[in-house]
Amino acid sequence: MSLLVVGSVAFDAIESPYGKEERIIGGAATYFAVAASFFSHVNLVGIVGDDFSKKDEAIFRGRRIDTAGLERASGKCFFWAGRYLQNLNERVTLTTELNVFADFNPKLPEKYKDSQYVFLANIAPNLQRGVLHQVKKRPKLIALDTMNYWIERTPEDLKETLKHVDILVINDSETRQLSNEHNLLRAAKHIFKMGPSALVVKRGEYGAMLVDKNGVFCVPAFPLEEPHDPTGAGDAFAGGFMGYLAGADKKNDAALRRAMVYGTVMGSFTVEEFGPRRLTRLNPKEIHARARHILKLSQFKL
Ligand code: AMP
């Protein structure tokens, strides 16, 4: 089943206690598409500037990623700079330059319009909605990610977009900010009233939690001794999660649980190196081995 993603394709500047990158390819849709392409065909919608070279585009080549929806405009790519503190769980955004994103008006190529699985990655909520309007039939599953930037700047737009969404995939601080609830279960109840029927909370080194009508399902983070850069881990999580569901063409409880594990696996590889480097070198064997390891991590007898 084809999976559509809209989101940022960017250049990032990243500082962590483990090093520094001045300009590395990033963006939510980039991490998502590369991660999801291990499980499913991906239709990518985004925009890049004329500073995005053929060499940069190579990140999508040789994978199951269709870039017909990646528009080129004159100007510069979206640029984001962030710094991680010692524990890697906290980060400060130093710069957000929308650049070509400021005037972006996503247009879906005809062949994308019947995508059955849709992921609205982190991008302005009105653009996320603009993409949904162009999809012909109601997709089987629509998931959305967002961040404090949009929760603070465009709350009404975000609320409007959320009405059309099945699964909200966000981190814990964004969950609290969006719902005004500290407790994540209470936050989930609040969010269900906004539209989504399921909430996936990404909790960094504490793993991920799914809340829906079936209850709560938790996956621990894969323990890593030397994480280097958490940038994009959330998007790669979403890529593994949605990629698995689209590839299996299922959204029942068992599939959602497996999707949570594959999301966790893709996030864990991402943090091992700066930017999307580790993700681009992955192979399916490594992915499945890590999924089995996660199963072992949380199994016990009573
Ligand atoms: P994550 O670490 O999963 O939150 O995602 C990091 C990626 O999101 C980086 O590669 C950034 O380029 C991108 N990003 C950061 N801020 C924004 C924003 N306001 N809108 C869209 N993408 C963003």
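How much of the area that the chain exposes do carbon and sulfur atoms supply? They supply 50% of about 13,600 Å². Keep in mind that this is a predicted model.

**View 1. The whole chain, with its helices and strands.** Start by getting your bearings: the chain has 11 helices and 13 strands. Along the principal axes, its C-alpha atoms fill a box of roughly 60 × 45 × 35 Å. A compact globule of 302 residues would have a radius of gyration near 19 Å, and the chain comes in at 18 Å, so the two agree.

**View 2. Inside the chain.** Here we look at burial and contacts. Of the 302 residues in the chain, 56% are buried. Take the contacts with a separation of 6 or more: 66% of them join residues that sit 24 or more positions apart.

**View 3. Charges across the chain.** Now for the charges, 41 positive and 35 negative. Average the positions of each set, and the two mean positions end up 7 Å apart.

**View 4. A close-up of Asp235 in helix α8.** Helix α8 covers residues 233-248, and Asp235 belongs to it. Is Asp235 buried or exposed? Asp235 is buried, yet it has no salt bridge. Lys202 is the nearest side chain of opposite charge, 5.1 Å away; a salt bridge would need a side-chain nitrogen of Lys or Arg within 4 Å of a carboxyl oxygen.

**View 5. The company Asp235 keeps.** Which residues does Asp235 touch, once its neighbours within four places in sequence are left aside? Asp235 is in contact with Ala28, Tyr31, Phe32 and Asp145.

Technical notes
Residues are numbered from 1 along each chain as its sequence is written. This is a predicted model: local features need pLDDT of at least 70, side-chain atom pairs count only at pLDDT 80 or more; totals for chains, interfaces and linings use all residues. Side-chain values use heavy atoms; hydrogens and water are left out. Helices (H or I, at least four residues) and strands (E, at least two) are DSSP runs, numbered from the N terminus. The radius of gyration is taken over C-alpha atoms; the globule rule is 2.2 Å times the number of residues to the power 0.38. Buried means under 20% relative accessible area, exposed over 50%, partly exposed in between (1.4 Å probe, protein chains only). Contact means heavy atoms within 4.5 Å. Accessible areas come from the Shrake-Rupley method with a 1.4 Å probe; for residues, only the protein chains shown count as cover. Lys and Arg count as positive and Asp and Glu as negative; His and the chain ends are not counted. The place of a charge is taken as NZ of Lys, CZ of Arg, CG of Asp or CD of Glu.
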